[in-house]
Amino acid sequence: MKVFNSISEIRENLNQLRKEDKTISFVPTMGYLHEGHLSLVRYAKKNSDVCVVSIFVNPMQFGPNEDFNKYPRDEKRDLQLLQQENCDLVFIPSANEMYGSDYQTFVKVKKYSEILEGEFRPTHFEGVTTVVLKLFNIVQPHFAVFGQKDAQQAFIIQKMVDDLNIPIRIDVLPIVREADGLAMSSRNVYLNEEERKQALCLFKGIQLAEKLFNEGERDAHKIISEVKQFISQHDLAKIDYVEIVDKSSFEKATFLFEGKEYYLLLAVRIGNTRLIDNTILNLKK
Ligand code: AMP
């Protein structure tokens, strides 16, 4: 496994691999890796000749009052885990390597960056799409792998790829959960014992929605209000949003039609930790 900090060096390496006709996969991450990340790496490795993982805690996607400084980092452990997965190349740039001292260019997928997560994190997705496009231009993979955990992010990246004719396939993989159902997240380390218990209300809220849906409820507002009511019973939980959107358009849904797929999306603060989760509602389940 080769580790690079410099754009020119990883580029040179990848150019050589492309000359040898290798297929290249790419998994962008912010590090502090868990099984969710590793599931993406395994898939990438299995479906390509060369798997590239980036680790970059991207300052541009954090708001001024967010957790950029305290975001967990453990490069040594991350590299051990990636080595175990037989990852081929790891890219760990500094903020200076990525943005220099006079960075001016931004990419924004307008409408979809302003809803849901975007209402609570107004500059977040612009930071994500800008860094992901930069990483795509550096790595130039055949395909890149993202998690459904960040469903809106994956949707926005697919939209950017479509709108800008970027020749990279985007694959989205299912959410990996802890044994009790909590979606794995690097931010779960922020939770104390009581918060960890109450954090389960997101997954239980999802299960409640799935139950209502499977019993035939098709009124999105009814499902949403039951989930909100359930989550509100937890004293450490503060809901940012619970919404149901059409999976293919991210338009808010009111009635859930047969044959269509929807995302139920949640963002809930447990103490000071903001967690997101989601599920797909469809009739095949
Ligand atoms: P992050 O390091 O949080 O930026 O995440 C890097 C990638 O891993 C993103 O595509 C995430 O959606 C994905 N990811 C994060 N958590 C999970 C999870 N629990 N299951 C599957 N994928 C995940």
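## Exercises on strand β2 and helix α9

In this predicted model, β2, helix α2 (residues 35-46) and β3 form a β-α-β unit that is right-handed.

**Exercise 1.** Determine in which sense β2 pairs with strand β3 (residues 50-55) and with strand β5 (residues 143-147), and name a partner residue in each.

*Solution.* Begin with β3, which pairs with β2 in the parallel sense over six bridges; within this pairing, V27 has V53 as its bridge partner. Then turn to β5, where the pairing with β2 is again parallel and runs over two bridges, with F26 standing opposite A144.

**Exercise 2.** Work out whether strand β2 (residues 24-29) is largely enclosed or not, and examine both of its sides.

*Solution.* First sort the side chains by direction: I24, F26 and P28 point one way from β2, while S25, V27 and T29 point the other way. Next apply the cut-off for a buried residue, which is under 20% relative accessible area; six of the six residues of β2 are buried, and the strand is therefore largely enclosed by the rest of the structure.

**Exercise 3.** Compare the expected span of helix α9 (residues 193-214) with the distance between its end C-alpha atoms, and then describe the helix from its N-terminal end onward.

*Solution.* At 1.5 Å a residue, the 22 residues of α9 should span 32 Å, and because the end C-alpha atoms lie 33 Å apart, the two values agree. At the N-terminal end, N192 acts as the cap, with a side-chain oxygen 3.1 Å from the backbone nitrogen of E194. Further along, α9 has a kink of about 25 degrees centred on F203, and just after the helix G216 adopts a positive phi of about 110 degrees.

Key:
Residues are numbered from 1 along each chain as its sequence is written. This is a predicted model: local features need pLDDT of at least 70, side-chain atom pairs count only at pLDDT 80 or more; totals for chains, interfaces and linings use all residues. Side-chain values use heavy atoms; hydrogens and water are left out. Helices (H or I, at least four residues) and strands (E, at least two) are DSSP runs, numbered from the N terminus. The expected span of a helix is 1.5 Å times one less than its number of residues. The bend at a residue is the angle between axes fitted to the seven residues ending there and the seven starting there. A polar contact is a pair of N or O atoms within 3.5 Å; within protein, one must be able to donate a hydrogen and the other to accept it, and residues adjacent in sequence count only if both atoms are side-chain atoms. Buried means under 20% relative accessible area, exposed over 50%, partly exposed in between (1.4 Å probe, protein chains only). Two strands pair if DSSP finds at least two bridges between them. A crossover is right-handed if, with the strands pointing away from the viewer, the path from the first strand over the helix to the second runs clockwise.
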